[in-house]
Structures are given as C-alpha cells and as structure tokens.
Amino acid sequence: MTYDFHAAAEAVADVAREHAGAVDANASFPTATVEAARQHGLLALLSKPDVGGHGAPLRAAAHVIERIARECGSSAMVLTMHYSGTTVIEAHGDLATRRDIAAGRHLSTLAFSEAGSRSHFWAPVSTATKKGDRVVLDAEKSWITSANHATAFVWSSKPTAGNEASTLWLVPNKQKGLTVARPFDGLGLRGNDSAPVTASGVEISNKNRLGDDGAGFGIMMGTVLPTFSCLIASGALGLAEALVQKTAAHASGQKYAHLATQNALADLPTIRAYVAKMRIQVDMAKGLWNDTFTALEEGRADAGLRVLEVKAAAADTAAQVADLAMRVCGGMAFRKDVGVERLFRDTRASLVMAPTSDQLYDFIGKAICGMPLFG
Ligand SMILES: Cc1cc2nc3c(=O)[nH]c(=O)nc-3n(C[C@H](O)[C@H](O)[C@H](O)COP(=O)(O)OP(=O)(O)OC[C@H]3O[C@@H](n4cnc5c(N)ncnc54)[C@H](O)[C@@H]3O)c2cc1C
C-alpha cells in the first residue's frame, strides 16, 4: 500500500496545533509533535525503501513541512533539519544509521554554521585532525537546530588534509567534548532548540566521515542545498498561508458596533485590498515552489536556479505577508488572541538562514550574469 503522507501530515499537524502556543511561550522543544511524526512514519519519509523508509520525493516532504508550519513553525524547522541531514546520510552514511532513521530511532540535523565564518556555511574554519584511525574535532558551531535532541549532527569541518573547503562527519550527540553553550531563547521559532555547540577535542572514528575528505563543499551544494532550500521555503510558505487565513478570518469577524451597516473590518476596501495582496503574493510564491519540484524532477536546466530562487521568494513573501497581517489586524495583532504575532516572529528566520536572502540575490544575480557563484 502506498504511504499516505498527506494523512500523516494532517495527523501530525493536529498535534502541532495543540502544542504550538506552549512551545513558543516556553521556548520548549516540540517533543509531542516529533513523537507524532515518528509514530506516523514521517521521520522515515525520505529514507529509501531498502532500509525500510518510504522513499518519498522531495515534493512530498515539502507538502509535509508546509502543512505543519501552518500550525507550528518550530516543529516544521526541526523536521526540515531532520530531512536535510537525512539526505546526506542516505547518500553517504552507514547502513545502521540509515536503518535507524527509517525506523524513527534517529533525529538528524545540520551543524554547519560557525562563529568564525557565520552565515558563510560553505567555509568552515573548524578543524579535524587525524589521530590514527580516529579524528579529533575542534569547533565553535554557532547554531544547531535540535542541539539537545538530535541523535547525531551532520557536521562540517576543514578537511584533515589538502586545500578543499570542507569535509562532513556524522558526530553523535553527547560525545565527550561537546557542549551546548546555552539554551535557545530567540525571537521566533522558539522551540527549535537551535543553540551554539562547542567541540573541544571530540574524538570520532574516521569511519564517521560522510563522503571523501575534502568533498564537503560538493555535498553541501549538490545534496544539502536542494533539500534545505526547498524545505525552508516550504516552512515559510506554510507560515504565510496561515497568516492569510487568520487575517481573513479576523477581518471578516471584527465589527464596529457604532456602525449600522458596512460594519465589518472587511467592509473597508483598503482592508480587502491588503488581504487580496497577501493572497496573491502567497499564490505567486506557491507557483514558483511547485515549479521548482517539477524542474528538479524533470532535470530541467534551470533547476539549480529555481532552488536558489524558491528560498529567497518564499522568505520574502512570508515576511511581507506577515507585515501586512500585522497592519490589517491592527492593535489586536499585538496580542496572542488573533494568532498572527507568533507567525510574524517565526517568518523572520527564513530570511537569515544561510544561504540568506541577500546571499541568494547575489548568487542568482551572478548566475544570470554568467559569473561564477563563488570566488
Ligand atoms: C532559528 C535559526 C535556526 C538555525 N539553525 C541552524 C542549523 O540547524 N544549522 C546550521 O548550520 N545553522 C543554523 N542556523 C544559522 C543560519 O543558517 C545562519 O548561519 C545564521 O543565521 C547567520 O547569522 P549571522 O548573524 O552569523 O550572519 P552574518 O553572516 O553575520 O550575516 C549578517 C547579514 O549579512 C548578510 N550577508 C553576509 N554575507 C553576505 C554576502 N556574501 N552577500 C550579501 N549579504 C551577506 C546576511 O544576509 C545577513 O543579513 C540557524 C539560524 C536561525 C536563525
């Protein structure tokens, strides 16, 4: 029987909706939602059937993330990073780890960003030093989603030898020498547990290498980027969709008691026009989003460009739609009652998650002008 990822996403979205307020208020990890995702098979969505996974395409993961983000941005972010890490492990990881992910026993994430190179994730400054058949890692990772909850990190460092930009490793969490610097207490996505982590003399087996020594940059660009970019876009569009729906409901429901007719907020043409603009912006971005998966599935020549475009477009759309939602819902929007202020805060993250929107505009401009993206 074909796995019904839509039904699974609906079931998990129900759990996400129930816990989203508390996850945000307490900056607590969305444990119940991740457990629901595990029970409904969503942690195994991108794992291949040979290890017991569903072997679903990226488009399916995108729909799952979009649906869950409408209820809880933090949960969508945790799953986005799980799927991003999973694609690397599926391509370069060992059989046991792949089976664990497919069985729902392993939560993955990416540990790319560093205090030294900041949003330039493609250029880690942290080190990996060979010690016989072991490797010693030293690093100041600046952000790792699910830092306290992931089973292992897909980790970048400089190569042990040579001049390439990076090498990737699978680093088990709680390994001796790893320290989560402080809990996450952020503006938005408050439950995503995205904390700085230091590695001081962390020893792992050389077998934990993901791909060849020095192959990290190629894996980041070829394997991670399409998944990460498309799924961050999906989360942003889920938040944007929820903003449109909540704003329309608020505008239709709020009345001016002193006016006998034309007394709803939505009776104001300016308000209706703002809601219409929100709807159009989201639908335009969703058109690009759908086309990105078609481009990837058909191996179209512009697929790489679409991957860059979709994150920039979705992030900007979500942020702009959130600004409009705050305007339309007025003073009420400042309170939690209407339900747009959390979404507004959550939308800000996709703009600055690397590659950031401004980096993407630079890359896209370079690609269009026939210039090399790096260098
Ligand atoms: C909620 C959240 C979760 C995250 N989770 C993870 C995670 O799980 N794993 C992980 O590895 N990282 C994660 N990150 C980190 C993220 O990907 C970025 O690395 C981080 O947000 C960069 O922040 P910074 O202040 O160091 O950026 P900076 O590098 O200081 O950038 C500041 C500004 O300068 C701009 N800028 C920088 N370089 C350029 C350029 N070349 N061209 C144009 N503009 C530029 C940026 O766009 C940005 O607006 C997360 C971040 C957030 C906010």
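Student: In β7, which residue is the bridge partner of valine 135?

Tutor: Bear in mind that this is a predicted model, where local features need pLDDT of at least 70, side-chain atom pairs count only at pLDDT 80 or more, and totals for chains, interfaces and linings use all residues. Residues are numbered from 1 along each chain as its sequence is written. Strand β7 (residues 195-205) runs antiparallel to β3, with 8 bridges joining them (strands are DSSP runs of E, at least two residues, and helices are runs of H or I, at least four, numbered from the N terminus). Within β7, the partner of valine 135 is isoleucine 204.

Student: How many bridges join strand β6 (residues 178-180) to β7?

Tutor: Two strands count as paired if DSSP finds at least two bridges between them. In this pair, threonine 179 has threonine 198 of β7 as its bridge partner. β6 and β7 run antiparallel, and the number of bridges is 3.

Student: What is the order of the strands in the open sheet?

Tutor: Start with strand β4 (residues 152-157), which pairs with β5 in the antiparallel sense over 6 bridges. β5 also pairs with strand β8 (residues 209-210), again antiparallel, over 2 bridges. The pairing in this sheet of 4 strands is mixed, and the order is β1-β4-β5-β8.

Student: Which strands stand at the edges of that sheet?

Tutor: Look for strands with a single partner strand, so that one side of each is left without a neighbour in the sheet. That picks out β1 and β8.

Student: How many of the 6 residues in strand β5 (residues 167-172) are buried?

Tutor: Buried means that 20 or more other C-beta atoms, placed from the backbone, lie within 10 Å of the residue's own; exposed means 12 or fewer, and partly exposed is in between. Proline 172 in β5 stands opposite alanine 152, while tryptophan 169 is partnered by arginine 209 in β8. The strand is mostly covered, and its buried count is 5.

Student: Which helix gives the largest share of the largest nonpolar core?

Tutor: Such a core is a set of buried Ala, Val, Leu, Ile, Met, Phe, Trp, Tyr and Cys residues joined through C-beta atoms within 7 Å. The largest one has 113 residues, with Ala61, Ile68 and Leu243 making the most contacts inside it. Its largest share is 16 residues, from helix α6 (residues 216-253).

Student: Why does the shell around the ligand lie between two domains, and which ones are they?

Tutor: Here "around" means a residue whose C-beta atom, placed from the backbone, lies within 6 Å of the ligand. Of the 23 residues there, Arg118, Ser119, Trp143, Thr145 and Thr356 come nearest. The domain bounds come from an automatic or database assignment. The shell lies between two domains because both give residues to it: domain 2 (110-213) and domain 3 (217-368).

Student: Which element gives the most to that shell?

Tutor: β1 (110-111), β3 (134-144), α9 (341-352) and α10 (357-368) each supply at least two residues. The top contributor, with 3 residues, is α10.

Student: How many residues of domain 2 are in contact with domain 1?

Tutor: The C-alpha centres of domain 1 and domain 2 are 22 Å apart. Contact means C-beta atoms, placed from the backbone, within 7 Å. Domain 1 brings 18 residues to this meeting, and the number from domain 2 is 17.

Definitions and conventions
Contact = placed C-beta atoms within 7 Å.
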